[in-house]
Amino acid sequence: MEKNIETIAGDTEGVSYTFPVYRFAGIAAGAPSAYLQAALHAGELPGTVAIHTLMPKLRAAEAQGRIRGNITIVPAANPIGRAQYLFADHQGRYHLGTRVNFNREFPKLETPDPALLPADDALATVDRQLKVRLLKLSLGHDIVLDLHCDDEGVPYLCVPAELWPAMSDCAAAFGVEAVIIWKAPSNGEFEEASIHPYLASKASAEHLARRVIATFELRGMLDVHYGYAEKDAAGLYRLLVARGVIEDRTVKPSGAFKGVAAPIGHVESVKTPKGGALLYDIKPGDRIAGGQRIATVVYLAGEDGGAVEIFAPRAGYVLTRRARRIVRANEDIVKLVGERPDANAKSGPLKE
Ligand SMILES: [Zn+2]
């Protein structure tokens with residue numbers, strides 16, 4: 001294993017950002033390669049601890065000569081977001097200097113050639129420099145996994161429509177409970193920037209079948225536990241074995257994916273009409289009936305009639321819910337996966 005430190009020059013004097021990159025060299029020419037990154041939204045740590053738990057398994061595989069394809073790993077991809085605190089509150093989703101989401105506006109190349117990316121010294125804000133660097137590190141790998149988490153949610157994958165159902169073996173190997181299938185554009189998410197060059201250059205169906213590109217949403221912000229880290233590390237390892245990056249005959253085939261798989265147009269965001277204190281009746285992973293009460297929002301505490309009940313607009317599967325229990329009017333409180341397309345479904349990314 002080789003360790004390199006990447007450095008991003010800051011926008012202000014005396015500031016720079018660094019993050020480590022770990023590389024395992026594969027021993028089989030032509031074997032699939034993999035790139036894993038976590039915590040692009042800097043406060044989303046389930047993927048970071050999963051990678052920490054995965055690394056000893058990779059080092060053991062390397063020592064035993066079982067790493068077939070090159071593997072590149074970035075356990076904490078966003079040192080800029082990591083350092084952002086506003087009044088003691090961590091802010092890892094948007095770059096405070098530009099107000100741009102760290103997982104939007106990645107450059108979209110017409111071919112998968114890193115030489116087309118701006119040079120390191122090109123004039124750009126520090127968050128944009130980071131995006132260019134991460135894309136440069138990931139380009140050319142057959143498997144590109146971007147590990148995030150939701151507010152509170154089941155473990156689920158977002159995959160480009162062009163790679164589904166070819167990637168259903170990966171969903172089964174990792175053991176996610178749901179898969180959301182999206183179609184471009186998605187405002188330049190890392191995942192979109194990873195698939196775009198292959199679609200724009202009209203890669204063959206055979207070539208695309210080899211490719212794995214996904215955003216992993218590893219449950220919720222607070223789901224940083226030994227047990228989940230172990231489970232997710234085992235899932236990532238199984239995926240790498242299933243796709244031939246690592247050889248391990250003790251890993252059994254995972255069988256067919258049996259979770260929920262739906263196009264993004266089937267996902268409905270349920271909003272609260274009032275701001276206040278949020279009481280949930282349901283949790284991620286529940287299957288609910290249309291008309292069932294899903295939450296109550298107390299907006300005039302202590303008054304008769306000071307609460308509003310919110311009912312499921314239709315039957316579905318609860319993908320995610322809010323982590324905070326204080327809400328504003330019109331805020332999304334639940335994402336529900338229905339059987340049919342939602343008339344109000346928006347295109348683009350699942351979250352703001
Ligand atoms: Zn995220």
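Buried means under 20% relative accessible area and exposed means over 50%, with partly exposed in between. The model treated in these exercises is predicted.

**Exercise 1. Classify the two residues of the salt bridge between Asp-281 and Arg-293, and place them in the chain.**

Step 1. The side chains of Asp-281 and Arg-293 meet at 2.9 Å, N to O.

Step 2. This pair links distant parts of the chain: Asp-281 is in the loop between strand 14 (276-280) and strand 15 (287-288), and Arg-293 is in strand 16 (residues 293-298), 12 residues apart.

Step 3. Arg-293 has a relative accessible area of 34%, so Arg-293 is partly exposed.

Step 4. Asp-281 has 38% relative accessibility and therefore counts as partly exposed.

**Exercise 2. Do the same for the salt bridge between Asp-120 and Arg-133.**

Step 1. In this salt bridge the N to O distance is 3.5 Å.

Step 2. Asp-120 lies in the loop between strand 6 (89-90) and helix 3, while Arg-133 lies in helix 3; the pair links distant parts of the chain, 13 residues apart.

Step 3. The relative accessible area of Asp-120 is 44%, so Asp-120 is partly exposed.

Step 4. Arg-133 is at 8% relative accessibility, so Arg-133 counts as buried.

**Exercise 3. Describe the salt bridge of Arg-325 with Glu-152, then name the residues of the network that includes Asp-151.**

Step 1. The closest N and O atoms of Arg-325 and Glu-152 are 3.2 Å apart.

Step 2. Arg-325 belongs to the loop between strand 18 (316-321) and strand 19 (326-327), and Glu-152 to strand 8 (residues 152-153); these distant parts of the chain are 173 residues apart.

Step 3. With 32% relative accessibility, Arg-325 counts as partly exposed.

Step 4. The network of salt bridges links Asp-151 with Arg-322, Arg-324, Arg-328 and Glu-331.

Step 5. A search of the whole structure finds 29 salt bridges.

**Exercise 4. Give the strand order of the open sheet, and say why strand 1 and strand 12 have one side left without a neighbour in the sheet.**

Step 1. The open sheet is formed by nine strands in the order 1-2-4-3-7-11-9-10-12, with mixed pairing.

Step 2. Strand 1 (2-9) and strand 12 (260-263) stand at the edges and have a single partner strand each, so one side of each lacks a neighbour in the sheet.

Step 3. From one strand to the next, the twist averages 20°.

Step 4. Strand 10 (residues 178-182) and strand 12 run parallel and are joined by four bridges. Ile-180 has Ala-262 in strand 12 as its bridge partner.

Step 5. Helix 1 (residues 46-63) packs on the sheet and touches strand 2 (16-24), strand 3 (34-38), strand 4 (71-74), strand 7 (143-150) and strand 11 (212-220). The direction of helix 1 makes about 145° with that of strand 3.

Step 6. Helix 3 (residues 126-138) also packs on the sheet, touching strand 1, strand 2, strand 3, strand 4 and strand 7. The direction of helix 3 makes about 150° with that of strand 1.

**Exercise 5. Work out the geometry and placing of two aromatic pairs, Tyr-35 with Phe-190 and Phe-174 with Phe-216.**

Step 1. The structure holds four aromatic pairs.

Step 2. Tyr-35 and Phe-190 are 6.2 Å apart, centre to centre, with 40° between the planes, and the pair is tilted.

Step 3. Tyr-35 is in strand 3 and Phe-190 in helix 5 (residues 190-200), so this pair ties together parts 155 residues apart in sequence. Tyr-35 and Phe-190 are both buried.

Step 4. Phe-174 and Phe-216 are edge-to-face, at 4.9 Å centre to centre and 80° between the planes.

Step 5. Phe-174 is in helix 4 (residues 168-174) and Phe-216 in strand 11, so the pair ties together parts 42 residues apart in sequence.

Step 6. Phe-174 is buried at a relative accessible area of 4%, and Phe-216 is buried at 1%.

Step 7. Ring pairs also link Tyr-35, Phe-106 and Phe-190 into a cluster.

**Exercise 6. Decide how far helix 5 is covered, and find the charged end that sits over the ring of Tyr-198.**

Step 1. Eight of the 11 residues of helix 5 are buried, and the helix is mostly covered.

Step 2. Among them are Phe-190, Ile-195 and Tyr-198.

Step 3. The charged end over the ring of Tyr-198 is that of Arg-211, 3.6 Å from the ring centre.

Step 4. Just after helix 5, Lys-202 has a positive phi of about 55°.

Notes. Residues are numbered from 1 along each chain as its sequence is written. This is a predicted model: local features need pLDDT of at least 70, side-chain atom pairs count only at pLDDT 80 or more; totals for chains, interfaces and linings use all residues. Side-chain values use heavy atoms; hydrogens and water are left out. Two strands pair if DSSP finds at least two bridges between them. Helices (H or I, at least four residues) and strands (E, at least two) are DSSP runs, numbered from the N terminus. Axes are lines fitted to C-alpha atoms, for helices over the stretch in contact, and angles run from 0 to 180 degrees between N-to-C directions. Contact means heavy atoms within 4.5 Å. Rings of Phe, Tyr and Trp (its six-membered ring) pair if their centres lie within 6.5 Å; planes under 30 degrees apart count as stacked, over 60 as edge-to-face and the rest as tilted. Buried means under 20% relative accessible area, exposed over 50%, partly exposed in between (1.4 Å probe, protein chains only). A charge sits over a ring if NZ of Lys or CZ of Arg is within 6 Å of the ring centre and within 35 degrees of the ring normal. A salt bridge is a side-chain nitrogen of Lys or Arg within 4 Å of a carboxyl oxygen of Asp or Glu.
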